[in-house]
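Reader: I'm new to this structure and a bit lost. Could you pick a single part and take me through it closely?

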Amino acid sequence: MLKRCPEHGAERVLMADDIGYYKLARETFIKTPEQVIAPNTPARYGCPYDCGICPDHEQHGCTLLIEVTDNCNLRCPTCYAGSGPERQTHRSLEQIERMLDRAVANEGEPSIIQISGGEPTMHPEFFEILERVRQRPVGHLMVNTNGIRIANEDGFAERLAEFSPGLEIYLQFDSFRPEVLKTLRGTNLRTTHARAVERLNASGIHTTLVATIRRGLNDDEMGEIIDYATAQPCVRGVTFQPVQAAGRLEGYESGYNCGRDRLTLTEIRRRILEQCPVFAPEDLIPVPCHPDHLAMAYALKLDSGLVPLTGLVDPEFLIEGGGATISYEKEPAVREHFLNLFSTHHSVDSQTDAMSGFLDKLQSAPPQKLGYENIFRILIVEFIDAQGFDLRSIRKTCVHIVHPDGKRVIPFDTYNLLYRDGLESLLLEPLRKREFMPLKGPISLARYGAAKDEPT
Amino acid sequence: MSVAGQNIASCCAGLYELPIVEQLLGESFHPGGTKLTRQLASASLVSPNSSVLDVACGNGRSARVIATHFGATVTGCDYSAVNLRRAIMSSQAAGISDKSQFVRASAMRLPFSPKSFDVALCECSLCLFEDMDAALGQLHAVLRPGGRVGISDFFLNAPVPDSLDGLLGQVLCVAGAPSADGYREALSRAGFDFVRIRKVNWTLADMIQRIRKQLKLLATTNLIADAELPNDFGNPAEVLKDLESFINSGGAGYLVATATVTQHRRRLDKQ
């Protein structure tokens with residue numbers, strides 16, 4: 001992408017290094033957006049200065065984050081929220097309820113509420129918060145955690161399990177290597193994460209492992225993380241997120257460098273395909289509600305390993321059927337479709353090679369034994385940062401954060417760039433007040449030494 | 001096929017040098033053209049960082065796609081010196097000489113060090129090599145662990161009708177092609193894992209259409225001189241008709257096959 005600024009000049013940023021996939025995302029996997037019930041803020045200054053949700057935002061929130069505290073028992077060198085032990089603000093239950101009510105007002109029945117922070121389990125009234133979520137019409141309750149309390153505190157996982165089913169733990173899980181964890185998290189959490197997973201296994205709490213991927217650090221570990229996740233009974237999927245250049249970004253040699261450190265979705269996708277050859281390219285596809293920034297793969301989790309499903313599903317079905325959501329398997333229609341793939345296989349073109357391989361593998365597990373528990377999800381979530389900021393795309397983001405004021409709901413991406421804590425007065429207000437500066441002439445491609453592209 | 005491997009490579013490569021062949025098939029000889037090349041390269045995970053080997057690269061059309069569209073570094077090898085010269089010239093014209101090199105070599109004896117490529121592509125030529133197993137063995141050897149092979153080629157599920165056994169049949173690589181399962185088994189025998197085969201018969205329909213159009217054009221402009229057509233070429237229109245019905249009856253088709261060279265995890269950390 002070529003972009004320019006009247007103040008800083010022009011810049012060329014890599015959006016994707018896989019033209020074919022990017023085109024697929026932009027041209028084929030597009031779903032008609034679904035908006036919130038009613039926007040909260042007027043479109044006044046122009047995108048992205050009106051967040052809250054404004055009427056220009058095309059997508060409702062399929063995952064809404066409620067940040068219940070700024071406090072954290074870690075001080076990760078990579079933290080979009082800049083949380084840490086030194087920050088002591090816990091939001092009051094009243095405030096959290098106001099935020100929850102905002103989520104319900106915007107969405108009617110929010111499909112996923114994610115309790116986040118900071119480290120949400122540090123909130124003194126953590127379980128009471130979960131109760132308050134439960135009192136509302138919320139589809140799924142997610143807790144975004146580093147797992148320290150689950151790992152270290154006897155009985156904590158058991159208390160969490162009281163909220164199952166319908167509770168999912170979104171567990172930080174970046175690496176198996178101590179030095180990587182030290183770079184990303186400031187401390188070696190290797191045994192902590194393993195113990196947390198052990199306890200979640202024992203309590204049977206649905207868990208998604210979340211790996212923050214940094215170029216050159218842990219982008220070679222994704223296959224291993226998927227292998228590990230497949231072997232854990234409680235784990236239902238893995239989410240890979242390249243580092244969003246926002247908040248605290250320490251541990252980079254002479255600072256975060258866009259040209260050197262940026263990692264795009266297509267690069268992550270290819271690494272997964274390389275490290276996990278059981279997945280073919282057609283198994284890891286764009287999520288139609290925000291196709292250029294979300295990718296998904298569904299597989300059957302069997303004793304013998306993963307059997308990819310997405311490549312067997314007609315893309316039309318995913319684009320046309322089901323609601324707009326980041327968690328396709330939570331849509332009853334989609335779930336049914338996945339399960340039907342192996343109960344009524346005559347409905348799928350049985351000539352396809354993938355299908356016959358699929359049926360071969362299924363013989364090791366009789367279909368009647370398979371259920372929702374066997375569906376495994378891989379998700380790539382590339383949050384938009386200043387480097388790859390694309391106004392067209394930002395309007396389609398569907399992971400939103402409920403502002404602590406309880407009045408606004410702001411896309412995750414812009415919240416971390418412009419709206420979090422002091423950013424709004426420090427960064428956003430001056431931008432809003434700035435006069436329009438017209439740009440002169442077109443951006444010159446030649447200046448960037450763009451490779452001579454052949455029309456192919 | 002009775003001739004030795006080298007001879008087949010040279011006779012076939014010689015055939016492709018005929019101007020009439022390019023006129024009929026277009027610049028990118030194989031079915032599916034550059035569109036299929038892009039699909040094949042995508043399926044083989046070609047990226048800007050890949051080092052790609054294009055076996056039987058012909059005039060270098062695919063190598064150019066790989067270098068420009070994917071940004072990869074590509075080494076093309078072919079048995080025909082004439083084709084190689086054209087490949088080199090066209091890559092210079094496209095401004096990709098720094099990303100491409102071309103080597104004269106037989107697919108049966110690849111002059112590259114082991115594990116030196118990320119991806120090996122072999123378009124519409126594998127079934128022409130006399131010993132397919134040996135050729136796949138060569139590809140397996142030059143790929144690094146985790147590397148991928150991408151093949152596009154004809155498959156034959158029924159014996160070729162006599163009418164297609166002539167030279168045109170050979171130009172179209174039909175004679176002597178294995179079945180779809182034959183490719184799968186051969187790739188497994190050569191040591192590849194995760195073999196995936198996808199049928200892409202649309203490429204043949206497109207190609208037959210193209211040849212028909214070209215023949216019509218050449219006929220109306222009186223450009224087909226008897227001297228230019230080899231004797232055993234047969235009646236092109238009839239051969240095409242026979243070929244079409246043969247494909248539609250399921251006797252033959254075109255496929256894309258990909259497979260992976262096994263890579264063991266650096267460290268399996270299961271608990």
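Author: Let's take one strand of chain A and its partners, then step back for some context.

Keep in mind that this is a predicted model. The predictor gives the complex an ipTM of 0.80 and a pTM of 0.86.

Our strand is β7 of chain A, which covers residues 167–172. It's mostly covered, with six of its six residues buried. Its side chains go two ways: A:Leu167, A:Ile169 and A:Leu171 point one way, while A:Glu168, A:Tyr170 and A:Gln172 point the other way. Whichever way they point, all of these residues are buried.

Now for the partners. Strand β6 of chain A, residues 140–145, pairs with β7(A) in the parallel sense, over five bridges. If you want a spot to look at, find A:Met142: its bridge partner in β7(A) is A:Glu168. β7(A) also pairs with strand β8 of chain A, residues 207–213. That pairing is parallel too and has four bridges. Here, look for A:Leu171, whose bridge partner in β8(A) is A:Leu209.

And the context? Chain B has 10 helices and seven strands, and 48% of its 271 residues count as buried. Among contacts in chain B between residues at least 6 apart in sequence, 77% join residues at least 24 apart. Chain B averages a pLDDT of 83, and 78% of the residues score at least 70. Over residues 1–11 of chain B, though, the pLDDT is below 50. Where pLDDT is low, the predicted coordinates shouldn't be read in detail.

Conventions: Residues are numbered from 1 along each chain as its sequence is written. Chains are lettered from A and ligands numbered from 1 in the order in which they are written. This is a predicted model: local features need pLDDT of at least 70, side-chain atom pairs count only at pLDDT 80 or more; totals for chains, interfaces and linings use all residues. pLDDT is the predictor's confidence in each residue, from 0 to 100. Two residues are in contact if their C-beta atoms, placed from the backbone, lie within 7 Å. A residue is buried if 20 or more other C-beta atoms lie within 10 Å of its own, exposed if 12 or fewer, and partly exposed in between; C-beta atoms are placed from the backbone. Two strands pair if DSSP finds at least two bridges between them.
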